[in-house]
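Got your viewer open? Here's a short tour, one selection at a time.

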Amino acid sequence: MRQTEKRKISGRLKKELDNPPEPVRPQYPMYKNQLDDFFYYLNKLYQANLGKITMGMSPAVIGTAYCAWFLQLIQSPGHLLGLTLFPVIHSDEFLTHLLCDRQPAQGKDVRFHKENWQLMPWRFYAEVFLQVEEWWQYATRKVPGLSKRSERTVSFCIRQMMDALSPSNFVLTNPDLFYNTLHTGGLNLIQGTEIAMEHTLRRLAGLPPPGAEKFKPGKNVAITPGRVVFSNHLIELIQYEPRTETVFKEPILILPAWIMKYYILDLSPGNSLVKWLVEQGHTVFIVSWRNPDEKDSHLGMDDYYRLGAMAAIDAVSGILPNTKIHLMGYCLGGTLAMITAAAMARDKDHRLKSLSLLAAQGDFTKAGELMLFITESEIAFLKNMMWEKGYLDPKHMAGSFQMLRTYDLIWSKMIDDYMTGTKRGMIDLLAWNADATRMPYKMHTEYLEKLFLQNDFAEGHFRVEDEIVAPRNVHLPIFAVSTENDHIAPWESVYKIHLMMHTDIVFVLASGGHNAGIVSEPNHPGRYYSILESKKKMPYLGPKKWISKAKKREGSWWFAWHDWLMSHSSQKHVSPPPLDPSLPAAPGTYVLQK
């Protein structure tokens, strides 16, 4: 046999060994395959409708965690004995707080911090409740052999139950509600019921909460003057009119999250980050994302990269040729900004001057309690929910976020509105929060699976247009902002940017939450932030060490970011770029889509 033929046979055998053929299966009538399709269709249809009841949470995830917890608990006699003796062991502490302590335990809890809670019998109610709550914490945490994921899931669900059963939620066990009801003769409860009915009917009709109609983009919010200078199927790019005679040479391009409307950064004139930047002499561009519908279910992360981030960068480069760009991303837009910077570094595209990240995660290993919703079971559940419409309904996302902070976002609202019978005023930030957007099926699936669950980007496995992008290739100076009370992007998670990108990083930890901490306009009372720069040649500092070394400053972090942008911009100012007055006016049309 000739040598070439031997090589062909050897190569064919190796190929067959590496890729064995599918086993021969018995042939069934055609209708069997159709039945399989029908069975899978039933699965999808059932889960899609079940998700509407469970607010997008998979019951299987919770059930599996509870089974694991219960089985581990019953084979841990020491833990069970500790639970049995818990009231005896903690009786001295309970009596001290109840009878002697001038600052009882409930005084440190936001639910029981008001003065009337120091009176009997309400002080007793609160202390008993806190003891029961502590018992459940002991019962669900540090159970030997229980996985961290199951522990977090069970603890989270128990916390939801305890928040619901808190004495602060009931008239007879809440002193303020009790006295208010006596004083008004129950009128507060009647008025609260009317408010609850109004809110319920508005939700069923798909209407925004009362007062939100006073904050319309282009009329009351998102009114910074500008023009739509570019648009495609996914984005409208807005360029804002200059407010100074000269401007910094390098423009700022902002990628907001597409989970909400862009005008979180351009709210009312008094708290608009965009307006403030323009007034400081910056040329500002911002992306306004399309609100996708069932026809956009095929849009994936590659589309958001190519039609979103890169299309905007190309458009800015066309308006300001031979000029580098300060790229900024907020939340999910910040994740895309990191991916874009890594892809441009891979392609040797040097059009970026710096990278600014606001409440943005690239490494999701410490993404907080939001990880409870991101498991293989949960993603399969969400995929079936999105399959029905081609997108994820914003109501399900809102429900998940509310559950992360049940007291702040659910129970305190119930007490203030539905029991005291008073209507809380609407503000621009709350109106914006109600103006949610949809998430396309393909993009949201890829985001949850590849970024959240598998952490592909941080670990160097994420592909953009079928080629791997690595965060370590990014050598741009970085300004990263996180907030103390962020329940969506915990600051320890955002801080992992130090491990992902070996470059100069200025990290800021600001007061406030995921949204209010970013919308931190000058002269806002009570604002402060901590700041520290890490050079790429410096050793890594852990979060606790960083806190001890960072400098705390009063006021808005916006000033620190402006100073940093100035230090990374050309010293010579230039004339503002031209803006064609015939172009469509900001805020464009995509932000108005419902």
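A cavity here is a set of grid points where a 1.4 Å probe fits but cannot get out, and its volume is the space filled by probe spheres set on those points. One thing to keep in mind as you click around: this is a predicted model.

With that rule, you get 2 cavities of 30 Å³ or more. Start with the largest cavity, at about 40 Å³. To see its walls, select M260, K261, Y262, S288, W289, R290, N291, T437, Y590 and V591. Colour that selection by residue class and you'll find 5 nonpolar, 3 polar and 2 charged residues.

Next, hop over to the second largest cavity, whose volume is also about 40 Å³. Its lining is Q239, Y240, E241, P242, V278, H282, T283 and P577. Here the split is 4 nonpolar, 3 polar and 1 charged.

Now for a helix: select residues 187–204, which is α10. Put a distance label between its end C-alpha atoms and it should read 26 Å, which agrees with the 26 Å expected for 18 residues at 1.5 Å a residue.

Which residues of α10 are buried? Show side chains for N188, G192, I195, H199 and R202. Then look down the axis of α10: the buried residues fall within an arc of 90 degrees, so they line one face of the helix. Spin round to the face turned away from that buried side, and you meet the exposed residues I190, E194, L201 and L204.

Last stop: G206, which follows α10 and has a positive phi, near 75 degrees.

Methods:
Residues numbered from 1 in each chain as written. Predicted model: local features only at pLDDT ≥ 70, side-chain atom pairs only at ≥ 80, totals over all residues. Heavy atoms only, no water. Helix = DSSP H or I, 4+ residues; strand = E, 2+ residues; numbered from the N terminus. Expected span 1.5 Å × (residues − 1). Buried < 20%, exposed > 50% of the residue type's maximum accessible area, 1.4 Å probe, protein only. Arc of directions from axis to C-beta. 1 Å grid on protein atoms, 1.4 Å probe; cavity = no way out; pocket = protein on both sides within 12 Å on 5 of 7 lines; lining within 4 Å. Nonpolar A, V, L, I, M, F, W, Y, C, P; charged D, E, K, R; others polar.
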